[in-house]
Amino acid sequence: MPLQTTPNPNEAFYFSYDVFISYKSEQDSWANRIARSLEDMGLRVWRDKDGGIRIGEEWQDEIEAGIRDSQRMLVIWSDLIHKNSKSVVHDEIRKMKSFHENDARRKFFTIRLDDAPLHDILSPYHATHSFQKLHQLYGDKGADKVDVVEWYKALLELLYGIGIQNIVEVRFAAIAMTRTQAEQLFKNPEQYAQNVESFHLIKKAMELTCGFKLDRYGETPDAWQPFKETDYEGEFSVLDILRSYDDGKKEWLRESTEAHEQTKWFFVSKSEDLLSDDRDLRRAAYESLLDGPCLILLDPVSLIHKDIYDRILKSGIHTHKYSFIISVSPFIAHMHNELRSTADGIEAALEDVLEQAYVRFKKSFHPLQYASVMNIEYEFQFRRWLQVAADSIIDAKETLLKPSLHPQRRNEIQRRRRSAPNRSVITMAQTN
């Protein structure tokens, strides 16, 4: 029986697929990773691998059926396709165009991997260059080498372009030193400590349990390993732990909900910008964190460093009452009785030195307003509170954590966000 190449315009037509991906086989690395990302968000994707064309069925008929049954065609365009007029991609584009002429619900969207001129049919439709730099760096087969942060930064424009709206950005900042700053503080506290006495008090207490470990800190604040050598599994950075939560949450959704359920959240790191030398970057990062609930992961030891102290106070993040703050204890207090009184002394010293910043950070959990958990000592505790915090932010549209900003103020924040550099999208996803 011949395929129905054009649905009857007088009948409601149900699309079996959300997206049909058209691409050159030499660039299947990009098609496959994009497809996986879209499927992670609950979209039904047709491509000619992993379930597209099945053995024993006619190749051309299967492709035509896939195009017919898909609402959108995503074309991964490159010079390889442009130079080969006999490429099957050209034929797929023409087929989709014929369906589009009979059904306005159908859409085209193009990812450009290079500067090749677009097909005439594609040129009126939106195309994104967001993957172009990544393709230049990693080549036709290198999509899986792209770091997740850069990948989702490029993917975001595509998601909006194909109509996935209301994506939740779970914004977070790790307030932690870099390795260089940790070495400065450790080797020369007289020059780099905001208060030398407080630093020595913390350092002495740490030496009784876990010690002051320089290798807890990395090139960026997100590389901070808060539980290194203090817990059985303490070799993970805060970024590793966030990604672990994200993977687990998405897997749980896949197993517990319908296949078409869309997970629409991204984790967005503002750590580097918030602690940057550049005042404009710090301000832009703070404004973006203010525009909704955010997650703050705090290393109290790092607050002793003059640069961190100065930048946190100047950024104003300690005044944001809709942040969910998880603070990690610099030592395991319950292991030593003598540390209990020392801990009280350290807290008093920090409160005296850090003033309003620490007063805000130590406010206890309050479901209507403040959300802070202090002195987490073990990774399993940290992971549990992270789940509470992230789940709350993901569902913020339905909880009291969401701030009620004045519309004029919200518009101003969004304007600043659009004009500010956005260098650190990680991305995690969630449900509406």
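**Exercise 1. Strand β6**

Which residues of β6 are buried on one side, and which on the other? Determine also where β6 finds its partner strands.

*Solution.* The structure is a predicted model, and the answer below is read from it.

Step 1. On one side of β6 the buried residues are V168, V170, F172 and A174. On the other side they are E169, R171, A173 and I175. Both faces of the strand are therefore covered, and with eight of its eight residues buried, β6 is largely enclosed by the rest of the structure.

Step 2. β6 pairs with strand β7 (residues 265–269) in the parallel sense, over five bridges. Within this pairing, E169 has F266 as its bridge partner.

Step 3. A parallel pairing over four bridges joins β6 to strand β8 (residues 294–298). Here F172 stands opposite L295.

**Exercise 2. An arginine in β6**

Is R171 buried or exposed? Identify what its side chain reaches.

*Solution.* Step 1. R171 lies in strand β6, which spans residues 168–175.

Step 2. The relative accessibility of R171 is 8%; the cut-off for a buried residue is under 20%, so R171 counts as buried.

Step 3. The side chain of R171 reaches the backbone oxygen of S288 at 3.0 Å.

Step 4. The C-alpha atoms of R171 and L289 are separated by 6.3 Å, although these residues are 118 positions apart along the chain.

**Exercise 3. The open sheet**

In what order do the five strands of the open sheet stand? Establish which strands form its edges and which helices pack on it.

*Solution.* Step 1. The order is β2-β1-β3-β4-β5, with parallel pairing.

Step 2. The edges are β2 (45–46) and β5 (127–128); each has a single partner strand, so one side of each is left without a neighbour in the sheet.

Step 3. Strand β1 (residues 17–22) and β2 pair in the parallel sense over two bridges, with V19 opposite V45.

Step 4. Helix α2 (residues 59–68) packs on the sheet and touches β1, β2 and β3 (70–77). The direction of α2 makes about 115° with that of β3.

Step 5. Helix α4 (residues 88–102) also packs on the sheet, where it touches β1, β3 and β4 (107–112). Its direction makes about 150° with that of β3.

Step 6. β1 and β3 pair in the parallel sense over five bridges, and S22 of β1 stands opposite V75 of β3. Five of the six residues of β1 are buried, leaving the strand mostly covered.

**Exercise 4. Helix α2 and the loop after α4**

Which residues of α2 are buried? Then describe the setting of D103.

*Solution.* Step 1. The buried residues of α2 are E62, I63, E64, A65, G66, I67 and R68. Since seven of its ten residues are buried, α2 is largely enclosed by the rest of the structure.

Step 2. These buried residues pack against β1, β2, β3 and α4.

Step 3. D103 is found in the loop between α4 and β4. Its relative accessibility is 13%, so D103 counts as buried.

Step 4. The side chains of D103 and R105 are joined by a polar contact of 2.9 Å.

**Exercise 5. Nonpolar cores**

How many residues does the largest nonpolar core have, and which have the most contacts inside it?

*Solution.* Step 1. The largest nonpolar core has 55 residues, and L295, L297 and I326 have the most contacts inside it.

Step 2. Not counting residues up to four places away in sequence, I326 touches L295, I296, L297, L298, V373, I376, F382, W385, L386 and A389.

Step 3. Another core, of 32 residues, lies apart from the largest one; I21, Y23, L38 and I167 are among its members.

**Exercise 6. The whole chain and its confidence**

What is the mean pLDDT of the protein? Place this value beside the overall composition of the fold.

*Solution.* Step 1. The mean pLDDT is 77, and 72% of the residues reach 70 or more.

Step 2. Over residues 1–12 the pLDDT is below 50, and this stretch has 14 contacts in the model beyond near neighbours in sequence. Over residues 421–432 the pLDDT is likewise below 50, and the corresponding number of contacts is 66.

Step 3. The secondary structure comes to 17 helices and ten strands. Of the 432 residues, 53% count as buried.

Step 4. Among contacts with a separation of 6 or more, 77% are between residues 24 or more positions apart.

Key
Residues are numbered from 1 along each chain as its sequence is written. This is a predicted model: local features need pLDDT of at least 70, side-chain atom pairs count only at pLDDT 80 or more; totals for chains, interfaces and linings use all residues. Side-chain values use heavy atoms; hydrogens and water are left out. pLDDT is the predictor's confidence in each residue, from 0 to 100. Contact means heavy atoms within 4.5 Å. Two strands pair if DSSP finds at least two bridges between them. Axes are lines fitted to C-alpha atoms, for helices over the stretch in contact, and angles run from 0 to 180 degrees between N-to-C directions. A nonpolar core is a set of buried Ala, Val, Leu, Ile, Met, Phe, Trp, Tyr and Cys residues joined through side-chain atoms within 4.5 Å. Buried means under 20% relative accessible area, exposed over 50%, partly exposed in between (1.4 Å probe, protein chains only). A polar contact is a pair of N or O atoms within 3.5 Å; within protein, one must be able to donate a hydrogen and the other to accept it, and residues adjacent in sequence count only if both atoms are side-chain atoms.
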